[in-house]
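Subject: Structure for your review

Dear colleague,

Please find below the sequence and structure that I am handing over to you. My notes on the findings follow directly after them.

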Amino acid sequence: MKKIILAFIIFSFSTTLFAQDCNEKISINFKDETLTDAIKSIEKSTSYKFYLDPTWPDLKKETISGSYNNITVNELLEKILSNTELNFIIIKKKVILTLN
């Protein structure tokens, strides 16, 4: 019984840590930046590491403009990738971009 209770406590604690991992806030401004440059700016301003294929056409043709204040990286990526064919997943401060 003690092992079950201990496992439950550890599991609860670890999910709290992962939830905090994705809540890092950022304030950033873009002015006619390519998606590649915007991603590099996000990477420099946060502790997230991005993984993507730099040859994807959306990265060079899509431009981003706007001011984003006190927003999570998840929310920011949803906004700047909304008009593209790119998707993303965040796993432990690693952002993996996929095409389609």
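Helix α4, residues 73-80, lies across β2, β4 and β5. Relative to β4, helix α4 runs at about 170 degrees. Please note that the model is a predicted one.

The three strands just named form an open sheet in the order β2-β5-β4, and its pairing is mixed. The edges are taken by β2 (49-51) and β4, each of which pairs on one side only. From one strand to the next, the twist averages 25 degrees. A second helix, α2 (residues 35-45), also packs on the sheet and touches β2, β4 and β5; the direction of α2 makes about 150 degrees with that of β2.

The mixed character of the sheet can be followed pair by pair. Strands β2 and β5 pair in the parallel sense over three bridges, and K49 has K94 in β5 as its bridge partner. Strand β4 (residues 86-91) pairs with β5 (residues 94-99) in the antiparallel sense, over six bridges. Within that pairing, L86 has L99 as its bridge partner in β5, while I89 stands opposite I96. The hairpin of β4 and β5 has two residues between the strands, and there K92 takes a positive phi near 50 degrees. As background, strands of a sheet pair through backbone hydrogen bonds, in either a parallel or an antiparallel sense.

Taken as a whole, the protein has four helices and five strands, which follow one another along the sequence in the pattern α-β-α-β-α-β-α-β-β. Of the contacts between residues at least 6 apart in sequence, 64% join residues that are at least 24 apart.

Turning to the interior, 30% of the 100 residues count as buried. The largest nonpolar core holds 23 residues, of which F30, L35, I42, Y68, L76, L77 and I80 touch the most other members. At least two residues of this core come from each of β1 (25-34), α2, β3 (63-72), α4, β4 and β5. One of the central members, I42, may serve as an example: neighbours within four places in sequence aside, I42 is in contact with I26, I28, F30, F50, V73, L76, L77 and I80. In soluble globular proteins, nonpolar side chains tend to be buried together. As for the surface, the protein exposes about 6700 Å², and carbon and sulfur atoms supply 58% of that area.

Finally, a word on confidence. The average pLDDT of the protein is 83, and 78% of the residues score at least 70. Where does confidence stand lowest, and where highest? The lowest mean, 47, belongs to helix α1 (residues 2-21), and the highest, 97, to β2. Over residues 13-20 the pLDDT stays under 50, and for this stretch the model has one contact beyond four places in sequence. Where pLDDT is low, the predicted coordinates should not be read in detail.

With kind regards

Technical notes
Residues are numbered from 1 along each chain as its sequence is written. This is a predicted model: local features need pLDDT of at least 70, side-chain atom pairs count only at pLDDT 80 or more; totals for chains, interfaces and linings use all residues. Side-chain values use heavy atoms; hydrogens and water are left out. Two strands pair if DSSP finds at least two bridges between them. Axes are lines fitted to C-alpha atoms, for helices over the stretch in contact, and angles run from 0 to 180 degrees between N-to-C directions. Contact means heavy atoms within 4.5 Å. Buried means under 20% relative accessible area, exposed over 50%, partly exposed in between (1.4 Å probe, protein chains only). Accessible areas come from the Shrake-Rupley method with a 1.4 Å probe; for residues, only the protein chains shown count as cover. pLDDT is the predictor's confidence in each residue, from 0 to 100. A nonpolar core is a set of buried Ala, Val, Leu, Ile, Met, Phe, Trp, Tyr and Cys residues joined through side-chain atoms within 4.5 Å.
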